[in-house]
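Please open the model in your viewer and keep the selection tool at hand. The tour below goes from one selection to the next and says what is found at each stop.

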Amino acid sequence: MKLKCKKLVKLLNECDKYDKIYENMNLEKSLEVSMVYFNEKRLEKIRLNDNNFYVVMDFDMTITTPDSDNSWSILENPNFMDCNMKKESRLLYEEYYPYELDYTLDFNTKTEFISEWYYKNMDLFYKYGLTHDILINCVKNGNVSFRKGFKEFLFFLYKHNIPVIIVSAGIGNVIYELLNLHNCLFSNVHIISNFINFDNNVMLPFTDEMIHSCNKCIRKLPQDLNNQIRDKDYILLFGDLIEDLQMVPNEDLLRTLSFGFLEKKVDDNLPFYKDSFDVVLTDNSSFYDVQSVFNRLKND
Ligand SMILES: [Mg+2]
């Protein structure tokens, strides 16, 4: 099924009015713009209430707009990354990026290469003296926008006490600071990503297990969060790549309702996305579009 969804023209600043916006949104009164395709049969079977689901989200190009810096590239700020560092970073990209695109490689070999690439990039940050202040500065001066309606959607989830787990192969500190900068670091949000440790402002070598595109999934959740999500019936998953479906374990896919943002090569990729995700949103879709679908699934 295909729907044209309304884009909300006017944003209200007062947080307590967000609920009203959503209540007032109505698919039948939709005006125009983003396309939303969804698996009608699947959606018919799902009924959501405040207690029976939690949310898992990718960060780059899912929460952020397609033209934003990602949580690695935001550090490529000329105030930090000089010519030498840029050159080294470029060489790594040229060496390893082809492996990321190579679907003929066996999974273990690919994982090894990708992991090596991510660690070498972290080592570069360490070698060139990344500090916490520099990171904050890069975040403040970076080119990152959240999709329209994301803040309001996140606030809605917070207000209804629904756990949100952001899973990212990016840099956790950057994600944390961006949410903080946009005043939406709510207490229901948990970030699983690569966090750099700093000692007195100075970066320490990165020695944790790296989360990268081949192993990105929910892991090592704190006990209290585990307790919160253990008995939920459904998971709402948001991603922009097919690989993002791996954020939840295979055994949980049947109870996962997946939303896929598709922005590139839409005509070519649409059939594949429609086969993979339950809901596909194209053409710079917003979280208002997500909320419209969500409203259909609510148990009133
Ligand atoms: Mg992404």
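Begin with the two helices α5 and α7 in this predicted model, and look at how they cross: α5 passes α7 in a right-handed crossing. To select them, take residues 132-141 for helix α5 and residues 172-181 for helix α7, whose axes lie 10 Å apart and meet at an angle of about 55°. Because angles from 65 to 115 degrees count as roughly perpendicular and those under 35 as roughly parallel, α5 is oblique to α7.

Next, show the side chains where these helices touch. On α5 the contact is made by Leu135, Ile136, Val139 and Lys140, while α7 contributes Asn173, Val174, Glu177, Leu178 and Leu181. Colouring this contact of α5 with α7 by residue class gives six nonpolar residues, one polar residue and two charged ones.

Now leave the helices and select residues 234-239, which form strand β8. How many of the six residues of β8 are buried? Five of them are, and the strand is accordingly described as mostly covered.

With β8 still selected, add strand β3, residues 53-57, which pairs with β8 in the parallel sense over five bridges. To locate one position along this pairing, pick Tyr54, whose bridge partner in β8 is Ile235.

Finally, add strand β9, residues 256-262, which also pairs with β8 in the parallel sense, again over five bridges. Here a useful pair to label is Leu236 and Leu257, since Leu236 stands opposite Leu257 in β9.

Technical notes
Residues are numbered from 1 along each chain as its sequence is written. This is a predicted model: local features need pLDDT of at least 70, side-chain atom pairs count only at pLDDT 80 or more; totals for chains, interfaces and linings use all residues. Axes are lines fitted to C-alpha atoms, for helices over the stretch in contact, and angles run from 0 to 180 degrees between N-to-C directions. Helices (H or I, at least four residues) and strands (E, at least two) are DSSP runs, numbered from the N terminus. Angles under 35 degrees count as roughly parallel, over 145 as roughly antiparallel, 65 to 115 as roughly perpendicular and the rest as oblique. A crossing is left-handed if the near helix is turned anticlockwise from the far one by less than a right angle, and right-handed if clockwise. Two residues are in contact if their C-beta atoms, placed from the backbone, lie within 7 Å. Ala, Val, Leu, Ile, Met, Phe, Trp, Tyr, Cys and Pro count as nonpolar, Asp, Glu, Lys and Arg as charged, and the others, Gly among them, as polar. A residue is buried if 20 or more other C-beta atoms lie within 10 Å of its own, exposed if 12 or fewer, and partly exposed in between; C-beta atoms are placed from the backbone. Two strands pair if DSSP finds at least two bridges between them.
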